[in-house]
Structures are given as structure tokens and as C-alpha cells.
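Reader: I am new to this structure and would like to know how the words used for it are earned. Could you take me through it step by step?

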Amino acid sequence: MLDKIIFRKNAGGRNIESPGTPSQSLAPFGTLMENPVSRALTPCFAPHRLLKAVFPLLGWLVLASGLSAQTGPAIHPPCGSLQIEIVPSPYDGSADDQPLCFPCCGPTNCQRMRYDVFLRAVPPAPGAWSNGNFNMGYAHLVVKVRLNLVKGAVTSINEPLTEAATCLAAFLGNGNPAVTFDAKEGEATLLVTNMTGEVTPLVPFQQYRTTQPLFQVFVDGFPGEEFGLECAELSYVNDFHVCTSQPGCIGNTVSTFPPPSVASAATLSLEANCVSPLFMLVPVTVSMLPPNVNFMDFAVEIACAGPNAPRMNAPPQATGFNGGIPLPTVRVLEMEDKVRYLLHARYPSFSASGLPGGTVLFTIRVPRPEDAGETHTLTATLRPGRVRSGQSIGTGPSFQCHAFSPDSEGSVECAHVGEPPCPDMWLTVEPSSVPPSECGNLTAYARLNWNFGNEPTRAFKIFKALLEFDLQPGVTISGAYLENITCPTSAPYDCPGGCFYVSGNTVNLCINDADGITLDANTRIRIEFNGNGGCVMSGKARRVTVKRIIQNVSTDECRPAIHNMGLLCPKKIEGDIAMENGCFVDAVSVHVAPVGGGCAPINFVANLPSASSSCAVPYSKCVCEGVSQYQVTPAKNDNPLNGVTTFDLVLIQKHILGLEPLNSPYKIIAADANNTPGVTTNDIVELRKLILGIYQDLPAHTSWRFVPKSYVFPNPSNPFQTNFPENGIYILPTTEADFVAIKVGDVNLSALTGCSNDCDAFQKPVGEAALEIPASGLRAGEHRAFPVVAAKGVPLVAWQMALRFDPDALELVGPAQGDLGSLNEGNFGLTRAGQGLVRALWFAQPGEEAPLQAGQTLFRLAFRAKRDIPDPGGLLRLDDEALAGLGWGEAGDAYALRLRAAPETESREQAGDTPLSATCRPNPAAAEVGFDLTMPQAGKARLSIYGAFGTRVFFREYALEQGPHALTVPQAAEWPAGVYHWELRHGKQRAKGTFIRQ
């Protein structure tokens, strides 16, 4: 909580300070605020959660760019003087996806309600605020309303229509960046703020109410459901106060959404197909519809009831849609009691002019309870919606809203009377205790168990079981068999198809023998699966019936209890290998070694699927069944430059300096290029050598590192605080042997991983930055230092490039400094200069005055011509294959470098109109150098000579008379070959240039 806030504002050259003192109002009620003075920011009520976030900034919000930025006088109502007013209106709409905003719409209330949301001011006294006609000024405003669904489930806010920009008040300004409006999760929220410096629009009032609704909310209502719109929040910053409240609403009423009053010939009906022991099928049938139907909806309530309150095995599902009409939007909603579902079908673009009677729209598949043999009743009850027909006439709509005919109401059911439970008897579905070899077939068993004292065997007349398995794609049931029992040879009278019938993912066992069969503890049903490396997710006995024979007398049928099976998988290890952004990595070598031995290790390469946009699970391998724990170690050591650019050096430098710390432990690990561990400037040096081609690989590191995804760093901001694992030990089978891949040197996740589409992560340039070299030919034997100059484009904080020249025509003497003071020999890679390739990079160092600007020289390259070069066009060119030519602006955007030859102009290094003039001779020099100069008047002249990258190698001060002079520097004969810069100063005048020492 802020105890004191002080605002300072310059007023006529004076600093005005005002300590914050609690106050409900800083100006008389109704006063026009033209130039607010500094005040305390004191909340009227408990601060709203959004205002808490901006609370420390509200001083500049209000003063710097808020109220004082409004044009014209404005009233700032104090806390407690505003309310939200909600006005409901019927709505028919010109089309299902086109709202009618602000104008009054037709009298037909067919499918939705429109709510106009106003602000209303409560005046403090009669006559205040110019009789209610005023403009409201503020710096922050939140208006939130919420759908109050008292009874019902289908009704909801239509988010697209509610968020339509045309339904905001005109005075808010369509597209104004200060205005944010959204509708989600049953709420609609208007937020107006000048957090980013925008000007909040004035809100006009007339007779104490806004001249227009601030916004409109469209609610898709369903007949018979009760709902309304209620106020959720009103917050605003006014007169340097934070005003928050939970206001009461004016005009907020909950009502029942009525069905259309006009019935039509449209009739819906439900049927029930109860044949399947696992589900009920409910076809939804429609009769002839009126012409020009363009909207239709209805809902079906589905419930499961029984003595034990059974629940459906899964939610209902709409299947078998009629392909002759547009598909509906179907929502399946679980009711609050958790035992019922509501399926809502909505045809928003129904285009059929009429349908023949008996047309099936679709079929609802209603699963029975998990134990489908217990007594239960499935019920489907229709809730008719409405049918809208008509068409646009002229500039407006002409729609009619119809109710379904009374025959549409009704209910269908499937009832099953189950057998009583069998005491002390149960059926168990369980996986095989013998694991499969490699990725071979899987096996499960169903066994009937009992607890009848010491009776090892039992006689049964009937033994029926319906087994259902949840199979992964590619896994199928290959067969079902009886063990320790023979299927009766005579065909059972109610078991068509023999003892077993396999269909899809179900196995139906049916034994009904008049003489009876004897079961013992070794009797079981064996189900075999063609695994193909996949899993059986679960196995269930959905219905079991037995009939015992006791002393040659058959008992009544009964239901044993059921114990179901969970996951059944081969001994398989499976997982993801992806960067922290979720992009899977291709061609990772994986070493899988058994913990403690017992099986041979496995080595394989995890390749991504070819031509895949999803880049699914990168590796999955079946292993030896004799070991339960395996250690997995990924490795990858190729293309060390993948994703590594000079901009990574910029980010690492910011991390080291604490200016912008890397935001994940994986990025910090990536920055550790020398494997110390830790992140220092030495890592920048190592990566710089890699980019410049001095290194082909990082000496102390592989190209990639991998950390188990399940590992939690004790200190994410310093992952080197403890030794983190780079392999994982997993108990098999597992599908979660996941690893986070870390590309060493890549801290902005730009490495190409092999995934396509969204994972093509290389930073694509947003524009171009042009570079120029002089367009000048050379004679054989001539020496020349070519400046590389920034021609145009955004200022750059970093760049990298590879320059290619013809080594048969040019011999590189060396690079030299330009206008970048931090550039030195470490910024160049010259290992392949003999083959005609020079790499260079640069990034701004702390304290540099400004980024590289247009017109500045990046650097110089000095050459000796081996032969005449009359055409300078191809003298130097960028080689993006050797190193991508890129520059980066301060915001981190990349720009493609382009190099061109430009006509020479007068050197920027010449003294211009200064009367001091000097030239260096000879250039190039094989021994000493001399300078011819003309002094404008007698005085001192200071000569400085610098090496290629700014190190001063010579300085001397001369006392000279007016006129011409010749100076010599014999020491130059001992200097190494290269590029040298010289500067001659006389008073405030200077001359400078460059020469080459051979």
C-alpha cells in the first residue's frame, strides 16, 4: 500500500511538490478541471486487481498523459457517483453473424437478447453538473458485466458478436489503442487506459447518462432458460483517486427466455435403438421444414438412472451427420449433477429450403454404464429450440421465428434389467505377467474367481462376458482363446457364432451348455493383440453373467463383480526430444543402456518423420524384457554454427552485465560455450571465434546438450549451482523419457531443428541494410584500403558478414578500423584469407555513444592488386553461405546486409576547407614515410600515427614556420606490414589519412 505519493510538475520554471494526503475529492463537486495540480493518489475503495498492477504508475498516468491530455474542460466525478445501467432489448438480427448495433431492432425475439450497457451519474445535488450534460474525463476505466445464468445450461454470451468493434460507442473511437474490449468466460470487459501513453477519450453524458451505450452484449438464449446480465465491476481513476466498487445495476432483471409463439410444421422426433449391449443409439429425425430456413437449434438431455446411480461410461457423441445439409455446431455439456449431459445442436447456416419427412439429421451414441449388466435406464429427452426462416428484403431483414410443433416434445429410453450380484464371485481382467519380447504381441487374460471355501472347481451352465479394450492406433485384437476348458461342440442355443465373437475392440464370450462346464483356478480367457509397438490403454469387462449348477440344479443368473485392467504396453521407451519452445530436434543419437546389465545396450538415431508438419514423437524403441530400468543418453554434435549469430553475443553480453538476464536455465546453459561451467566474457570470445571461422567446432563442447525434461533446477537463474543431469534413468515401460535439447551458443532459439512450419525458427530479416564500397579500379601492384560504409537502413547494434574476393587478383594486406571504436583484430576471421574469404562481426560495447549510423565506416580492408582490375563491380561480394550477412537493430529485428559499389566521392577524412593541408608519401611505403604539408601560419604541428585498430605507434611535435614543409618518419621502416592511420593537428585544424606499409 502506498502511504505517500509525490507528484512534481514544472510550472513556470518552479518545481511544485505536494505530499499525498488522504482526500475523497480534490476539487469541488462539478468543478471543471482544466489544468490539474499535483495531488495524492488515494483509493476510494479496495483497489481493483488491474489497478493494483498499475498502482505505482498511476501518478504519471494521471498527470503526464491522462487528464491533462484531454482537449477541453471535463468533469471528473468523484468516487461513488457512477453506476452501470443495463437495458435489455429483444434482438432478431439481420443474419446469424451480423449484429445490429445501437439502432432499435425488430420486435421478434428469436434466438438472442441484446443488452445495452450505459454509465449513469448520480448527481450530488439538484442542478449540479450542468443538469446532467457534461463530458467525463478520467485516466483509467474498467466496466465489466457478467452473464447470470440462474436456470439452464445452453445460454451463453455470443463472443464474436459482442466483441464486434462496431458495437462500441462512437466516442470511444474505433481502433483507439487506449480502448480494449473482450468477451470471454461469460463476461464482457471494457478497459480504457493510457498506460502506454494513449489519450483516453472523453465520455459524453446527457441527462446524467452516457449518450450511447458504452458497448452491447449479445446473449444466445435458449427457450425456457432463466438468465440476465449483472454488473461485475466498475473501476475508474478520477481526480487523482482510484475508485473501485461492486455496483448495483439499474435495470438488471432475470427473466425466462420465451419460446417463439408461432408454431410451424417443423417437427423433431427421437427414436431409441437398444440392441447394442454397450450403447443406445438415438436417431434425431426432422419432418418437412418451412421454406427459406436459415437457422435451427435444439437440445437433447441425456441421463442414466438406476438403483446404484450408475454413470455413463463416456459422454454421449453425435455421429452419422446427414451430408445433404450443412453440418451443425454440436456442444456436449455435463450438467452440474454430473449424471446428465445436454447435447446442443445448432445449425447457424441452414440452407435447405425443405426436407422430406423422416430425414435423419444425425444419431446420438449414448454409452451404457461401465458395468452394462447392472440395472439401468438411458433416457433422451428433447428440448425444442426454434426455427428461423425468411430473407433480406431491400436494406433490412424480414425474418420469421417459429417454434417446433407440439409433437416435437417427447422422450425415449432404453431400459435394462440386470441380474442380481453374485456373492463371493468376481471376474478380473489383467495383463500377462510375462512381458512380450521386443515389440511383439501383447496378451491379456480374463479370469473368473470365487471364494467358496475349499472348492477348487465349480460347474456352470452359463458363462457370458463382454470385454472391451481401448487400443492405440495400429493395435488390433488378433484372437481370443479358452485355456483349460474346451468350447462345447454343440452350438449353444443363444450364442450365435460359437463361444467367441471378436468385433473391433470387443470380445464376446458366450457359453450356454445344458450339461454344464467345469471351471477351475486355471481356467481363463486369453486375448492376444497385434502390438506393433503400441499399447492397450485399458481393458474392461462391460457385462458378465453366470449361472451355476449346484447338485445338478441350475441357480438363477447373477452378475459377478468386475476388476478391470489398466495400461498394457510392451517394454518400450518413448519420449520427446525438443527445444524449450517445443520444436522437435532431428537426427539425435540415442544410447539406451540397461541399469545393472542383463541386456545389451541399444544405439539408434531418432529421426523426425519426413515431410511432417507436426514433427511427432521423435523416438520410440522396444527393449529387452529382462530389465526394468534403462539409462537414456541423447547426443548430437553437428553443424555447430546452427542458430549461433552475433545477436546471441549481444544477448549473452546483456546477461553478463545484468541488463537483460536470460529468462530460462536452458538459455543460460546454451550461453556456456567453454564448459567452465558458468557464463563469462570468455564464452563470448569462444563463440566469436566459432562465428568467424577461427574454430570449426567449440573445443570444449559438443554442439548440443540435453537435459531430462523432468529435472527441476534448484535455482533456475543459476543452473550451474548444482550438477544437472544430461541423461535420465527410467522405469519401463515409459512414454515420458523426454529431454530438452539445448543448442550451445543459441540463446534466442533460432536453430533449425528439422521441424517445418512453426518450428522453422531461424530469424527471418524484416528488411535490408545497405553497405557500400568505392567503385574504383586498380592497377597491378597498386595498394588500396577500401572502406565498407553503412549506406542506409536502421541504426545497427550488431552485424556479421563474410566477404569474398578473388585471390588470384587481390592479396589481402589486412583489415583496419573505421568509425567503430570497439572494433579490433578480434572482430575478423582471416583463416581463409588466402582462399579469398574474410569473416567479420561487431556488436556494440557498453558505453558506446550510439549504434552504427548511415554514413559511418564499419571497417577498411587493404589489398594489393596482383593484376589490373578495370571493373570494380565484382571486387568484393558478400558470401551468405559462408556466414549469413545480417545486422540487428536495437529492438532485435534482423536485417539482411546488401553490398554494392558506389562512385567515389571526396573522402570524409579530408580536411575540407581548412587551410592546413598534408599528404603522405610514398603510399604504399616499403621503408620510411614522409609528409608534405603547408602551414597556414607559424606554430606547433603535432603528428600522430596509429596502427590498424587505433594503437598509437608514433607521436612528435614540430615547431614550424609558415609555408611548406617536408617531414620524415624513419621509424616506419621497422613497422610490420599493414594499414596505418595518420593525423596532423595545428591548433583546431587537422588533416588525416591512411597509408599502407608493405
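Author: A residue is called buried when its relative accessible area is under 20%, exposed when that area is over 50%, and partly exposed in between, with a 1.4 Å probe and protein chains only. The model is a predicted one, in which local features need pLDDT of at least 70 and side-chain atom pairs count only at pLDDT 80 or more, while totals for chains, interfaces and linings use all residues. Residues are numbered from 1 along each chain as its sequence is written, and side-chain values use heavy atoms, with hydrogens and water left out.

Reader: What share of the protein do the buried residues make up?

Author: Of the 998 residues in the protein, 51% are buried. Its secondary structure comes to seven helices and 65 strands, where helices (H or I, at least four residues) and strands (E, at least two) are DSSP runs numbered from the N terminus.

Reader: Why is Asp746 said to have no salt bridge?

Author: A salt bridge needs a side-chain nitrogen of Lys or Arg within 4 Å of a carboxyl oxygen of Asp or Glu, with Lys and Arg counted as positive, Asp and Glu as negative, and His and the chain ends not counted. For Asp746, which is buried, the nearest side chain of opposite charge is that of Lys743, 7.0 Å away; this is not within 4 Å, so no salt bridge is assigned.

Reader: What, then, does the side chain of Asp746 reach, and where in the chain is Asp746 placed?

Author: Asp746 sits in the loop between strand S48 (739-743) and strand S49 (767-774). A polar atom of its side chain lies 3.0 Å from the backbone nitrogen of Leu749, and the side chain of Asp746 also reaches the backbone nitrogen of Ser750 at 3.0 Å. Setting aside neighbours within four places in sequence, Asp746 is in contact (heavy atoms within 4.5 Å) with residues including Met579, Gly643 and Asp648.

Reader: What makes Thr994 count as buried, and which side chain does the side chain of Thr994 touch in a polar contact?

Author: Thr994, which lies in strand S65 (residues 989-997), has a relative accessibility of 19%, and because the limit is under 20%, Thr994 counts as buried. Its side chain makes a polar contact with the side chain of His981 at 3.3 Å; such a contact is a pair of N or O atoms within 3.5 Å, where within protein one must be able to donate a hydrogen and the other to accept it, and residues adjacent in sequence count only if both atoms are side-chain atoms. Thr994 is also 8.6 Å from Asn923, C-alpha to C-alpha, although the two are 71 residues apart in sequence. The peptide bond from Asn923 to Pro924 is cis, with omega near 10°.

Reader: Why are Asn484 and Ala587 put in the class between the other two?

Author: Asn484 has 46% relative accessibility and therefore counts as partly exposed, and Ala587, with a relative accessible area of 31%, is partly exposed as well. Asn484 has a phi near 65°, a positive value in a residue other than glycine, and phi of Ala587 is near 55°, again positive in a residue other than glycine.

Reader: How do you know that strand S52 is largely enclosed by the rest of the structure?

Author: Six of the eight residues of strand S52 (residues 810-817) are buried, and so the strand is described in that way. For strand S17 (residues 241-245) the count is four of the five residues, which is why S17 too is called largely enclosed by the rest of the structure.

Reader: What makes S52 and S17 paired strands?

Author: Two strands pair if DSSP finds at least two bridges between them. S52 is joined to strand S55 (residues 857-865) by seven bridges, so the two count as paired, and they run antiparallel. S17 pairs in the antiparallel sense with strand S16 (residues 226-238) over five bridges, and Asn238 stands opposite His241 in S17.

Reader: Which strands form the open sheet of four, and what makes two of them edge strands?

Author: The order is S43-S42-S45-S47, with antiparallel pairing. Strand S43 (602-606) and strand S47 (728-731) are the edge strands, each pairing on one side only. Within this sheet, strand S42 (residues 588-594) and strand S45 (residues 629-635) pair over six bridges, and the bridge partner of Ala593 in S45 is Gln631.
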